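Here are my notes after a pass through the coordinates. Have the structure open while you read, and tell me where you would put things otherwise.

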Amino acid sequence: MKIAIFGAGSTGCYLAGELLMAKLDVSLICRERIKRSITDNQGITLTSYQGLHQKVMPNALFTEVEADTPKFDLIFVTLKCHQVSEISEQLLQLSHQKSTIVLMQNGLGSLDEVKQALANISAQPRLLIQGITPFNVLQKEHATFHKGTEGEFIFANTPHTQTVQQAMLSAGLSCTLAEDMAPIIYGKLLLNLNNALNAITDVPIKQQLSQKQTRKLLSLAMKEWLAVCQKARLPLAQFTKVKPQWLPLILSLPDGLFTLLAKQMLDIDPQARSSMWEDIQAKRKTEIDYLNQAVVELGKQYQVNTPINAAICAGIKKLEQGIPVDIAELL
Ligand SMILES: NC(=O)C1=CN([C@@H]2O[C@H](COP(=O)(O)OP(=O)(O)OC[C@H]3O[C@@H](n4cnc5c(N)ncnc54)[C@H](OP(=O)(O)O)[C@@H]3O)[C@@H](O)[C@H]2O)C=CC1
Ligand SMILES: CC(C)(CO)C(=O)C(=O)O
């Protein structure tokens, strides 16, 4: 089985690393700077907050998709949400009719955009499924990719992802296969409502969660998404020790009680930040439209007020333009 990671950056290189550790055949489609960093450092180094330190080399590295680029049986797309609809031509070229394409984006909307883009250019359908990275990955120097929080990759259950799971299990690694990805996508979005707040506060997640005011904002943003899910009857998977519905209450607790009750939530790398923080630092467009803005849009559809998520979106739009934002102005 030939595997490609399309858009290998933070999560894509970490995923490639785990698949290579599982002795699978993995090629990367990536930017020139990533290719150079991997070749200069003789491979990708995976590290984790739990002490992992492992170097692996991809089977091939491509910076362009050309007529003679091979076809792949399984393609993981690890681009940012707003980048996925632009690669439909390349996805068709890299796949055959029996290939599986796994979209690994956070938030809502990417799957529909890719489906539409592929349907516009080809009458031959491809199997499009979803996956999720539940943990944080930080891209460091020397082609090093650091896992900062707990969790394992989740993919929709298909014959190709079953082969991946078997290989990972044989190598002492694991991933989860899900029959229904929808609750996982909705449940993950609840956690990703913090991405923007993390970017605005500009401190590591662990430090951010020790601030009562930011926890309050996160709690209110989560309450809005939970209200939308309840009204729209959207099921939410549980990513934390406590039920999603309890998170706003726990986040609203005073500092001492919160620290006591949220042990697992705080058991993360002290340096871990959100991917949106990385985007803001790199002056890149963020995924806000697929995260907090998606909550606002669904809220409108189901007549649920979402003022906090709307204020967070406005804050991020300012940051994207280089205008500083004070967290206090969001409440
Ligand atoms: N980072 C994290 O910790 C986590 C991220 N996620 C989610 O995973 C998804 C991917 O995020 P992440 O891995 O951080 O993203 P990255 O930006 O780190 O990786 C995407 C990479 O693809 C490159 N790229 C863009 N377009 C192309 C193209 N046409 N051809 C080849 N390469 C291309 C980008 O380059 P360039 O920068 O030049 O555009 C970048 O290097 C997002 O939806 C994110 O929300 C989920 C959990 C954790
Ligand atoms: C894992 C988590 C929630 C970390 O913030 C994330 O998904 C991200 O950074 O995009």
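1. Which residues does UniProt list for "domain: Ketopantoate reductase N-terminal"? The record, an unreviewed entry, gives residues 3-157. Over that span the chain is 26% helix and 34% strand, and the C-alpha atoms at its two ends are 16 Å apart.

2. Before going further: this is a predicted model. The mean pLDDT of the chain is 96, and 100% of its residues reach 70 or more. The scores for the model are ipTM 0.98 and pTM 0.97.

3. The other record to look at is "domain: Ketopantoate reductase C-terminal", again from an unreviewed UniProt entry, and it is listed for residues 182-319. Here the span is 66% helix and 0% strand, with 30 Å between its end C-alpha atoms. For the chain, the secondary structure adds up to 14 helices and 12 strands.

4. How does the domain assignment divide the chain? It gives domain 1 (2-178) and domain 2 (182-330). Their C-alpha centres lie 25 Å apart. Across the boundary, 19 residues of domain 1 are in contact with 17 residues of domain 2. On the domain 1 side of that contact, the residues split into eight nonpolar, 10 polar and one charged.

5. On overall shape, the chain has a radius of gyration of 20 Å, which agrees with the value near 20 Å for a compact globule because that is what the rule gives for 331 residues. Along the principal axes, the C-alpha atoms fill a box of roughly 55 × 45 × 40 Å.

6. Now ligand 1. There are 23 residues around it, and Gly7, Gly9, Thr11, Asn106 and Ser275 come nearest. Which helix gives the most to this shell? That is helix 1 (residues 10-21), with three residues. Sorted by class, the shell around ligand 1 holds eight nonpolar, 12 polar and three charged residues.

7. Ligand 2 is surrounded by Asn106, Phe135, Asn136, Thr149, Leu191, Asn192, Asn195, Ser274 and Ser275. By class that makes two nonpolar and seven polar residues, with no charged ones. Helix 6 (residues 182-201) supplies the largest share of this shell, three residues.

8. Where does the shell around ligand 2 sit with respect to the domains? Domain 1 (2-178) and domain 2 (182-330) each provide at least three of its residues. Two names are worth picking out on screen: Asn106 and Ser275 are among the residues that come nearest to ligand 1, and Asn106 and Ser275 also appear around ligand 2. I would start there when you look at the two ligands together.

Definitions and conventions: Residues are numbered from 1 along each chain as its sequence is written. Chains are lettered from A and ligands numbered from 1 in the order in which they are written. This is a predicted model: local features need pLDDT of at least 70, side-chain atom pairs count only at pLDDT 80 or more; totals for chains, interfaces and linings use all residues. pLDDT is the predictor's confidence in each residue, from 0 to 100. A residue is near a molecule or strand if its C-beta atom, placed from the backbone, lies within 6 Å of it. Helices (H or I, at least four residues) and strands (E, at least two) are DSSP runs, numbered from the N terminus. Ala, Val, Leu, Ile, Met, Phe, Trp, Tyr, Cys and Pro count as nonpolar, Asp, Glu, Lys and Arg as charged, and the others, Gly among them, as polar. Domain bounds come from an automatic or database domain assignment. Two residues are in contact if their C-beta atoms, placed from the backbone, lie within 7 Å. UniProt positions are given in the numbering used here, feature names are shortened, and annotations may be inferred rather than shown by experiment. The radius of gyration is taken over C-alpha atoms; the globule rule is 2.2 Å times the number of residues to the power 0.38.
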